[in-house]
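Good morning, and thank you for the time on the agenda. I should like to take you through one protein model, element by element, and I would ask you to keep the structure open while I speak.

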Amino acid sequence: MTTYHRRFTRLSIALALLSAAALAGLTAGGVHAASAKQPAKPRPAGIVPAPSEAVQQQHRRLTVAAIASARPGGYIPGSTVGRDVQHLRYRYGPFEIGPGQNPNLIDPGLPAPAGAGFITRFEPNLELADGTVPAANQLHLHHAVWLVNGNPVWFADAEKSVFAPPAGYGWPTAPTDRWILNHMLHNLYPTHARAYLTWDVDFVPAASPTGRKLHGIGTLWSDVRGGENYPVFDIPFRPKGSGRYTYPTGLRGTAARRYPDGMNSIEVPVNGTLVLAVGHLHPGGLWNSLRLTRGGRTTEIHRGAVRYYDPAGPVSWDMAMGVTRPGWKVAVRRGDTLTITATYDSRHAAWYESMGLMVVGIAPGDRTGIDPFSPNLDRRTRLTHGRLAENRGSGGAPTTLPIASTLPNGRAFRPGDGRSVSISDFFYFPGDLSRPAARNPPVVPAGAPLRFVNKDARLGIPHTITACRTPCSAAAGHGYPLANGPIPFDSGQLAFGLPQLTAFANRSDWQTPATLPPGTYNYFCRVHPFMRGSFRVRPSTTAEIKSAARASGFGGRPESRASNTNASTAP
Ligand SMILES: [Cu+2]
């Protein structure tokens with residue numbers, strides 16, 4: 001609740017300033033070149049860490065160019081048109097992304113657009129030095145958030161939504177605005193990548209005939225994990241359930257009790273009109289819902305459904321968000337509550353570190369909106385863009401990787417022997433399916449965990465051990481493998497980083513649950529999905545079961561956390 005209130009206060013002040021400025025007629029303030037073809041599994045000659053972030057920032061440059069036409073992909077156009085509209089492309093970088101890295105970073109002090117005016121369309125993208133757009137299965141625009149004067153205004157992600165309010169509205173900008181960029185670019189392979197963030201902007205000078213008639217809007221940032229810097233959550237795999245899981249309303253038990261009251265709600269700070277809602281979901285996401293509550297009555301004012309182009313279904317970035325149409329105008333009052341939920345597929349896989357947020361544009365003081373409870377409110381949506389070539393590589397093509405269950409037993413691991421599977425240079429050892437000399441699954445007795453240690457963590461490279469359904473041997477992409485092991489397990493990202501800013505587990509080791517029944521288990525790294533491994537659980541002998549029971553001090557199974565380190569010394 002504390003974060004919620006702090007956030008709300010900051011937003012209120014920004015909007016109050018915007019409102020006053022707008023009413024006074026002022027404009028200051030404001031609220032992968034890779035082909036889509038599956039690459040052969042590349043291996044690094046040696047891992048070269050990227051230059052340090054501090055060094056990188058000194059060398060980043062912002063360039064601005066006028067553009068003649070929009071990119072291919074059928075992005076929705078801006079609604080404010082005419083000769084006063086300037087089409088500008090901002091290109092910022094380069095960003096050096098080391099092998100396999102996905103750092104979450106902040107670049108302070110982006111120069112603001114020159115001159116006072118309005119931004120009436122915002123289209124983000126990622127490109128390489130030659131201007132081509134990298135394939136999302138190789139270099140992934142994980143996220144970017146543009147903050148203006150401390151407030152998040154636009155975001156970008158691999159689904160690349162466009163922010164285009166109806167004709168006559170725009171975000172006011174002034175040269176004194178402070179722009180900050182928060183970004184995470186994710187290199188899925190052990191290569192070095194250099195890329196630029198771009199944002200195509202429709203800009204209307206405030207002093208132009210069109211600019212003098214524009215209404216200023218501000219962003220109400222709506223998030224199911226409102227107030228968090230890295231607002232992510234997990235969706236469980238429930239192959240036999242309804243197939244849908246809504247966050248946070250689907251939470252049960254301890255998870256529901258831990259969810260902060262009102263975290264997914266914001267209060268509307270001023271009377272005005274909502275003119276835009278652009279949601280964001282990850283693969284597996286089905287729709288975002290925005291509800292308005294006033295005086296005990298609640299109505300859904302926007303549902304942004306995802307269209308999946310991927311023939312495999314709701315599993316990848318090969319998709320487009322449904323966003324509001326220009327006719328969507330909702331009259332809101334100060335004190336109304338906006339509540340967001342995110343509905344995900346739960347039948348195909350578990351979804352880790354998912355997101356559910358929405359940029360809602362509000363025009364303070366504007367009275368042209370329709371009553372939110374009216375059946376006349378235009379709730380239809382449009383897709384923010386067509387199918388994107390760079391998002392086609394969701395994976396799943398056949399490969400020559402072996403079927404783990406047919407491989408002979410690999411090295412035998414015993415509880416307390418101090419050995420573990422190491423992850424080094426993007427290989428699991430032993431048990432990596434791509435390495436013929438060491439690919440046979442290591443074997444542990446039932447009841448004993450198998451320990452993994454990520455040695456790449458010292459280079460800032462996270463890895464996971466995530467269950468996937470056998471054979472888990474097809475080509476990697478952003479939609480393959482899926483976290484769909486029949487007995488789910490996931491290590492979290494084994495690496496170290498700032499807890500508020502990353503999803504890193506802040507440890508480099510993990511062990512499998514001691515409760516796994518005998519069988520062969522496939523797993524992959526969800527950060528680098530080309531990485532595949534397996535291990536085998538064999539039935540325990542009677543002697544091992546007795547020994548484990550003695551070690552735990554009870555008659556039951558040994559504790560999974562304690563058993564491999566202190567089993568021999570436990571009372
Ligand atoms: Cu990895």
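Let me begin with a single pair of residues: isoleucine 97 has alanine 193, in strand β9, as its bridge partner. That pair belongs to a longer ladder, in which β2 and β9 run antiparallel and are joined by 10 bridges. Please bear in mind throughout that this is a predicted model.

On its other pairing that I wish to mention, strand β2, residues 86-97, is joined to strand β1, residues 61-66, by six bridges, again in the antiparallel sense. Within that pairing, leucine 88 in β2 is the residue opposite alanine 66.

Strand β2 also holds a backbone feature worth a pause. Which kind of peptide bond joins glycine 93 and proline 94? The bond is cis, with omega at about 0°, and proline 94 is found in β2. As background, most peptide bonds are trans.

Both glycine 93 and proline 94 reappear when we look at alanine 195. Leaving aside residues up to four places away in sequence, alanine 195 touches Gly93, Pro94, Phe95 and Ile97, and its contacts also include Leu126, Leu128, Pro134, Leu139 and Leu185. Glu127 is one of its contacts as well.

Alanine 195 leads us to the interior. The largest nonpolar core contains 128 residues, and Ala195 is among those with the most contacts inside it, together with Phe163, Ala277, Val278, Met358, Val359 and Val360. Which strand supplies the largest share of this core? That is strand β9, residues 193-205, which contributes eight residues. The core draws at least three residues from each of domain 1 (2-391) and domain 2 (404-566). For the protein as a whole, 50% of the 571 residues count as buried, and the secondary structure comprises five helices and 31 strands.

I turn now to an open sheet of four strands, in the order β3-β8-β5-β6, with antiparallel pairing. Its edge strands are β3 and β6 (151-156), each of which pairs on one side only. From one strand to the next, the twist averages 20°.

Strand β8 deserves a closer look. Why can β8, residues 179-187, be called largely enclosed by the rest of the structure? Seven of its nine residues are buried, and therefore the description holds. With strand β3, residues 104-110, β8 runs antiparallel and shares five bridges. Here isoleucine 106 has asparagine 182 as its bridge partner in β8, and leucine 105 has histidine 183. With strand β5, residues 139-148, β8 pairs antiparallel over nine bridges. In β8, isoleucine 180 is the residue opposite leucine 147. When inspecting such pairs, recall that in a regular strand the side chains alternate between the two faces of the sheet.

A further open sheet of four strands has the order β26-β31-β30-β28, and its pairing is mixed. The edges are β26 (443-445) and β28 (466-468), each pairing on one side only. Neighbouring strands of this sheet are turned by 40° against each other on average, direction ignored. Inside the sheet, strand β30, residues 519-524, and strand β31, residues 532-538, form an antiparallel pair over six bridges. Phenylalanine 524 is matched there with arginine 532 in β31 as its bridge partner.

I shall finish with backbone geometry in the loops. A cis peptide bond joins phenylalanine 429 and proline 430, with omega at about -5°. Proline 430 lies in the loop between β25 (427-429) and β26.

Two residues merit attention for their phi angles. Most residues other than glycine have a negative phi. Aspartate 425, although not a glycine, has a positive phi of about 55°, and its place is the loop between β24 (421-424) and β25. Cysteine 472, likewise not a glycine, has a positive phi of about 55°, and it lies in the loop between β28 and β29 (509-511).

Is cysteine 472 buried or exposed? Cysteine 472 has 25 other C-beta atoms within 10 Å, and since 20 or more count as buried, the residue is buried. Aspartate 425 has 17 other C-beta atoms within 10 Å, so it is classed as partly exposed.

That concludes the tour, and I am glad to take questions.

Terms used:
Residues numbered from 1 in each chain as written. Predicted model: local features only at pLDDT ≥ 70, side-chain atom pairs only at ≥ 80, totals over all residues. Pairing = 2+ DSSP bridges. Helix = DSSP H or I, 4+ residues; strand = E, 2+ residues; numbered from the N terminus. Axes fitted to C-alpha atoms, helices over the stretch in contact; angles between N-to-C directions. Core = buried A, V, L, I, M, F, W, Y, C linked by C-beta atoms within 7 Å. Buried ≥ 20, exposed ≤ 12 C-beta atoms within 10 Å, placed from the backbone. Domains from an automatic or database assignment. Contact = placed C-beta atoms within 7 Å.
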